[in-house]
Amino acid sequence: MTRRTRATLYALATVLLWSTVASAFKLSLRRLDPLQLLLYASAVSTLVLAVILAAQGRLGVLLTYTRGQYLRSAVLGLLNPLLYYLVLFGAYDRLPAQEAQALNYTWAITLALLSVPLLGQRLRRGDVAGGLLGYAGVVVIATRGDPLGLHFSDPLGVSLALGSTVLWSLYWIANTRDDRDPVAALFLNFLFGLPFVWLGCALFSEVRLPDAGGLLGAAYVGTFEMGIAFVLWLRALRLAENASRVGNLVFLSPFLSLVFIRTFVGEAILPSTFAGLALIVGGLAVQQLFTSPPSAPRSSPPCA
C-alpha cells in the first residue's frame with residue numbers, strides 16, 4: 001500500500017467518524033445535559049489519549065515539558081474542552097442536529113477573519129467571497145429558508161453554534177505557537193481541563209452516573225470525536241504528500257452527516273438545510289481555492 005493510499009484511508013476514516021458525531025451529540029443530549037455529557041466524554045477522552053500515548057511508547061514525553069508548557073495546557077484546557085464543547089453542546093441541545101452541524105462548519109471562515117488581527121494575516125479576496133457565501137448560508141439555515149424575513153428559529157442556539165466557531169478558531173490560533181507533540185499536548189489540555197469541567201458540572205448540574213444509553217453516548221463522543229479522530233487525522237496529514245488534497249475530503253463530511261442524522265436521530269432534513277449547507281461548503285471551497293490557509297498547525301483537526 002502506497003503512502004498516498006494510506007493517507008487517504010486515514011483521512012476517510014476520520015471523515016466517517018466525524019460524520020457520526022452530530023448524531024451522537026444529539027442522541028446523548030436526550031439523556032444528559034451539556035455539562036454532564038462534557039464531563040463523561042472528557043474523562044473518556046483523557047483515558048483514550050493516555051492509552052494511545054502508552055501504546056506509542058510516548059508517555060515519557062509528558063515529563064519533559066517545562067512549567068510554562070504545563071501552565072499553557074491549563075489555560076488551553078479552559079478553552080478546549082471546557083468552553084468550546086460546553087458552547088457546542090449547548091447549541092446541539094437547542095437546535096436540530098442538522099442546523100448545529102452546518103453552522104459549525106463556518107469555523108474556517110471565522111478563523112480567516114480572526115487571523116487578521118491575531119496573526120497579522122491579510123484578508124484576501126477569497127476570504128471575503130467565501131465569508132459572504134458562508135454567512136449567507138448561515139442566514140438561510142437560521143431562518144429556515146426565509147432569509148428576507150429574518151425570523152431566526154432559535155437566536156440563542158444559533159449564537160451558540162457560531163460562538164463555538166470563534167472558540168475553536170481561538171484554540172487553533174493559540175496552537176500555532178505550541179511546538180509540543182500534538183497528541184501529548186491534547187492529552188495535557190484535557191487532563192488539566194477535566195477538574196474545571198467537573199467543578200462546573202457539580203455547581204451548575206449534577207454529577208451522577210448516567211444510564212446505560214447516556215454512558216454509551218458519552219463514551220462514543222469521548223473515544224471518537226475527542227480522541228481517535230484527532231489521531232487518525234494527524235496520521236493522515238503526516239503521510240500526505242499534499243495536505244490540501246487530504247483536507248478536501250472533509251467536504252464529504254457535512255453531507256454524509258445529514259444521512260446519519262436522518263437515519264439515527266430521525267430528523268427530516270429541511271430544504272433550507274441543504275441550501276444553506278451548499279452555500280457554506282461553497283464558501284469554504286472558494287476560500288480554499290483562492291487563498292492560502294492561515295498559519296495554523298497541520299496537526300489541528302477539523303471541528304465537529
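1. Helices α5 (107-119) and α6 (125-142) each contribute at least two residues to a nonpolar surface patch. In this predicted model, the patch consists of Leu113, Val116, Leu123, Val128 and Leu132, which together have about 410 Å² of accessible area. Leu132 sits in helix α6. With a relative accessible area of 63%, Leu132 is classed as exposed because the cut-off for that class is over 50%. In soluble globular proteins, nonpolar side chains tend to be buried together. The patch should be read with that tendency in mind.

2. Helix α5 deserves a second look for its geometry. A kink of about 25° is found at Leu113, shortly before the proline Pro117. Leu113 is also one of the patch residues. Just after α5, Gly120 has a positive phi of about 70°.

3. Which residues of α5 are buried? They are Trp107, Ala108, Ile109, Thr110, Leu111, Ala112 and Ser115. Their cover includes α4 (97-104), α6, α7 (155-174) and α12 (271-290). Helix α6 thus appears in two roles: α6 is among the elements covering the buried residues of α5, and α6 supplies at least two residues of the nonpolar patch.

4. Arg144 should be checked for its backbone. Its phi is positive, about 55°, although Arg144 is not a glycine. The residue lies in the loop between α6 and α7. Its relative accessibility is 41%, so Arg144 counts as partly exposed.

5. The largest nonpolar core has 83 residues, and the members that touch the most others are Tyr85, Phe89, Tyr92, Val183, Met226 and Val246. Helix α2 (residues 34-55) gives the most to this core, 11 residues. As for Tyr92, leaving aside residues up to four places away in sequence, its contacts are Ala22, Phe25, Lys26, Leu29, Ala97, Ala100 and Gln101.

6. There are 7 salt bridges in the structure. One of them joins the side chains of Arg72 and Asp178, at 3.6 Å from N to O. This pair links distant parts of the chain: Arg72 belongs to helix α3 (residues 67-94), Asp178 to the loop between α7 and α8 (182-204), and the two are 106 residues apart. Is each partner buried or partly exposed? Arg72 has 27% relative accessibility and so counts as partly exposed. Asp178 is buried because its relative accessible area, 14%, falls under 20%.

7. Asp178 has a second partner, Arg180, with the closest N and O atoms 2.8 Å apart. Both Arg180 and Asp178 are buried. Side chains of opposite charge can pair when their charged atoms come close.

8. A further salt bridge is formed by the side chains of Arg208 and Glu206, at 3.7 Å from N to O. Arg208 has a relative accessible area of 32% and so is partly exposed. Glu206, at 44% relative accessibility, also counts as partly exposed. Elsewhere, Arg72, Asp178 and Arg180 are joined into one network by salt bridges that share partners.

Conventions: Residues are numbered from 1 along each chain as its sequence is written. This is a predicted model: local features need pLDDT of at least 70, side-chain atom pairs count only at pLDDT 80 or more; totals for chains, interfaces and linings use all residues. Side-chain values use heavy atoms; hydrogens and water are left out. A nonpolar core is a set of buried Ala, Val, Leu, Ile, Met, Phe, Trp, Tyr and Cys residues joined through side-chain atoms within 4.5 Å. Buried means under 20% relative accessible area, exposed over 50%, partly exposed in between (1.4 Å probe, protein chains only). Helices (H or I, at least four residues) and strands (E, at least two) are DSSP runs, numbered from the N terminus. Contact means heavy atoms within 4.5 Å. Patches are made of residues with over 30% relative accessible area and no salt bridge: like charges are joined within 9 Å, nonpolar side chains (Val, Leu, Ile, Met, Phe, Trp, Tyr) within 5 Å. Accessible areas come from the Shrake-Rupley method with a 1.4 Å probe; for residues, only the protein chains shown count as cover. A salt bridge is a side-chain nitrogen of Lys or Arg within 4 Å of a carboxyl oxygen of Asp or Glu. The bend at a residue is the angle between axes fitted to the seven residues ending there and the seven starting there.
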